[in-house]
Amino acid sequence: MGRAFEFRKARKMKRWSAMSKAFTRIGKDIVMAVKEGGADPDSNSRLRAVIQNAKAVNMPKDNVERAIKRASDKSQGDYKEVVFEGYAQHGIAVLIETATDNNTRTVANVRSYFNKTDGSLGTSGSVVFMFDHTCNFKIEDKDFDLEELELELIDFGVEEIFEDTDEDEDGNEQKYIMIYAPFESFGNIQSYLEENDIEIISSGFERIPQVTKKITPEQAEDVEKLLEKLEEDDDVQNVYHTMEETA
């Protein structure tokens with residue numbers, strides 16, 4: 001298996017388990033999607049993807065519709081996507097994706113988290129080169145031949161396809177397929193899957209570290225202090241790092 005498989009396996013049971021945080025994140029994604037391409041998901045591929053993700057985390061349909069309606073209101077402010085880079089203790093690179101309507105507040109908060117945990121907020125470009133920016137799709141497993149599917153998708157930039165499982169609310173194992181490709185391949189792959197009636201359960205973007213660093217459990221606790229502060233912030237959408245994780 002490749003790096004995407006190992007990355008997903010290590011992170012699957014971590015972060016984003018809090019439903020309220022997931023709803024907040026998706027609510028912002030809806031606003032940005034509507035502001036960019038309008039409120040009709042049929043003509044707005046980004047909004048279609050966000051609605052799929054909302055279903056995947058069991059966000060009520062009423063919540064989604066209200067969020068789209070609010071985002072369509074001209075008085076609704078927009079969110080700006082801002083990436084922060086820096087180092088936690090023990091030389092662990094950290095990359096933070098935010099969606100903010102007040103950049104001054106977000107910068108001040110992120111800087112304070114680094115300062116309080118003996119980390120250092122870096123300048124733009126200081127660590128981003130250590131991560132591959134990828135897109136991913138989680139699709140229903142319809143007994144596909146993975147090799148055949150990969151051959152079909154390879155011209156669209158797909159780099160890795162693998163089977164994975166989750167447990168549903170009743171504890172039953174649910175099989176699905178994960179597809180990983182470079183960030184810029186998202187639109188072409190989304191179009192292919194939709195045109196071939198392959199159901200997309202969810203989709204998104206991730207930053208996969210090119211190299212990870214193994215540290216002691218005690219050192220990992222130091223790093224986790226920073227990661228936890230960042231992930232609790234309402235402006236933060238995603239946090240990535242180069243610390244080696246285990247499933």
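This is a short walk through a four-stranded sheet and the helix that lies across it. The model is predicted, so local features need pLDDT of at least 70 and side-chain atom pairs pLDDT 80 or more, while totals for chains, interfaces and linings use all residues. Residues are numbered from 1 along each chain as its sequence is written, and side-chain values use heavy atoms, without hydrogens and water.

Let's start with the sheet, which is open and has the strand order S5-S6-S4-S7 with antiparallel pairing. Its edge strands are S5 and S7, each of which pairs on one side only. From one strand to the next, the twist averages 30°. Here strands (E, at least two residues) and helices (H or I, at least four) are DSSP runs numbered from the N terminus, and a pair of strands needs at least two DSSP bridges.

Now look at S6. Eight bridges join S5 (residues 160–167) to S6, with Glu-163 opposite Ile-177 and Thr-165 opposite Lys-175. Seven bridges join S4 to S6, and there Cys-135 stands opposite Ala-181. Seven of the ten residues of S6 are buried (under 20% relative accessible area, 1.4 Å probe, protein chains only), so S6 is largely enclosed by the rest of the structure.

Next comes H7 (residues 186–195), where Phe-186, Ile-189, Gln-190, Tyr-192 and Leu-193 are buried. Seen down the axis of H7, these residues fall within an arc of 160° (taken from the directions from the axis to the C-beta atoms), so they line one face of the helix. Their packing partners (heavy atoms within 4.5 Å) include helix H3 (45–56) and helix H6 (146–153). After H7 comes Asp-197, with a positive phi near 55°.

Key:
Buried < 20%, exposed > 50% of the residue type's maximum accessible area, 1.4 Å probe, protein only. Axes fitted to C-alpha atoms, helices over the stretch in contact; angles between N-to-C directions.
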